Amino acid sequence: MSQRLQDKVALITGAASGIGEACARLFVAEGARVVMTDLNVAAGERIAAELGDRARFIEHDVSAPEAWAVVISSIQAHEGGLHVLVNNAGILMPGTIEQTSLEQWHTLMRVNADSAFLGCQAALPLMKTHGEGGSIVNISSIAALAARDDYMAYGASKGAVAALTRSVAVHCRKQKYRIRCNSVHPDGVLTAMTRAAYPKDMDDALFTIDSDPMNRACRPEDVAQGVLYLAADESRAVNGIELRIDSGQFIMSI
Ligand SMILES: NC(=O)c1ccc[n+]([C@@H]2O[C@H](COP(=O)([O-])OP(=O)(O)OC[C@H]3O[C@@H](n4cnc5c(N)ncnc54)[C@H](O)[C@@H]3O)[C@@H](O)[C@H]2O)c1
């Protein structure tokens, strides 16, 4: 049986941990050549080495425009093309509208939203050249869809990612690029990010998650399966959607 990402080149940001790492592992298992990027060089290089010849790590700050140019030209030189971009790197910071400083707002916007904009803009020219089509998957959040008073700026940054995704999807369709763009909206995934923000909730979730698949928390691998679907050709008719991976938490909250 052929693998779902056979002969595809994928770039995954924030791949040294959590959801990005799970995507890198799954993509390699499904036959892709994966370029993993992150600020965390030690973890990124260790995981890439573990994954073997089909994974390569590049140090990369996703909020820096010049760093995107370096990554894209490295992919052009080494892999010769790009089929899949997963804009995954991100940070979480708490704060209500009354607690959040302009500096914190800008930091969240830069790392979470500027990065998706820069990634789409940098990747499109290379994705267009081989004419085989492509898929961009932007990792947003349930926080883009449901109000989180305590993570106001984070939610706003992820809302920007969702809106950006729709515009890119429509643009690529109008231009007949055969490049799709979709967003993924997880909630409560057990990663370093949530462990730091909700230590008590995550400890409780760890005990129940495997005995109750509809428990609120999920594992990075659950999100990676959704990203794989959107990356692969089997979702070729899926464009501009918001894929919620949240065990139904969103619909319970509205
Ligand atoms: N964990 C959740 O419950 C959850 C829910 C919804 C959305 N998300 C989103 O999923 C994505 C992955 O989060 P995670 O939970 O796996 O977190 P994580 O902290 O485990 O991984 C995030 C990775 O991004 C990297 N990173 C941070 N800033 C960077 C930068 N400027 N440049 C390059 N890399 C950078 C980190 O070094 C880290 O390796 C994020 O965009 C996050 O907002 C997570």
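The expected span of a helix is 1.5 Å times one less than its number of residues. This rule is applied below to helix α8, residues 220-231. The model is predicted, and it includes a ligand with 26 residues around it.

**Helix α8**
- Helix α8 has 12 residues, so at 1.5 Å a residue it should span 16 Å.
- The C-alpha atoms at the two ends of α8 are 16 Å apart, which agrees with that expectation.
- Several residues of α8 are buried, namely P220, V223, A224, G226, V227, L228, L230 and A231.
- These buried residues pack against one helix, α1, and against the strands β4 (84-87), β5 (134-139), β6 (179-186) and β7 (242-245).

**Polar contacts of the ligand**
- Y154 has a polar side-chain atom 2.6 Å from an oxygen atom of the ligand.
- K158 also places a polar side-chain atom by a ligand oxygen, at 2.8 Å.
- From G188 the atom involved is a polar backbone atom, which lies 3.4 Å from an oxygen atom of the ligand.
- On its own the ligand has 830 Å² of accessible area, and the protein covers 91% of this.

**The shell around the ligand**
- Two or more residues of the shell come from each of α1 (18-29), α5 (152-174) and α6 (192-197).
- The most is given by α6, with 3 residues.
- Of the residues around the ligand, S17, D38, Y154, V189 and T191 come nearest.
- By class, the shell consists of 12 nonpolar, 11 polar and 3 charged residues.

How values were computed: Residues are numbered from 1 along each chain as its sequence is written. This is a predicted model: local features need pLDDT of at least 70, side-chain atom pairs count only at pLDDT 80 or more; totals for chains, interfaces and linings use all residues. Side-chain values use heavy atoms; hydrogens and water are left out. A residue is near a molecule or strand if one of its heavy atoms lies within 4 Å of it. A polar contact is a pair of N or O atoms within 3.5 Å; within protein, one must be able to donate a hydrogen and the other to accept it, and residues adjacent in sequence count only if both atoms are side-chain atoms. Accessible areas come from the Shrake-Rupley method with a 1.4 Å probe; for residues, only the protein chains shown count as cover. Helices (H or I, at least four residues) and strands (E, at least two) are DSSP runs, numbered from the N terminus. Ala, Val, Leu, Ile, Met, Phe, Trp, Tyr, Cys and Pro count as nonpolar, Asp, Glu, Lys and Arg as charged, and the others, Gly among them, as polar. Buried means under 20% relative accessible area, exposed over 50%, partly exposed in between (1.4 Å probe, protein chains only). Contact means heavy atoms within 4.5 Å.
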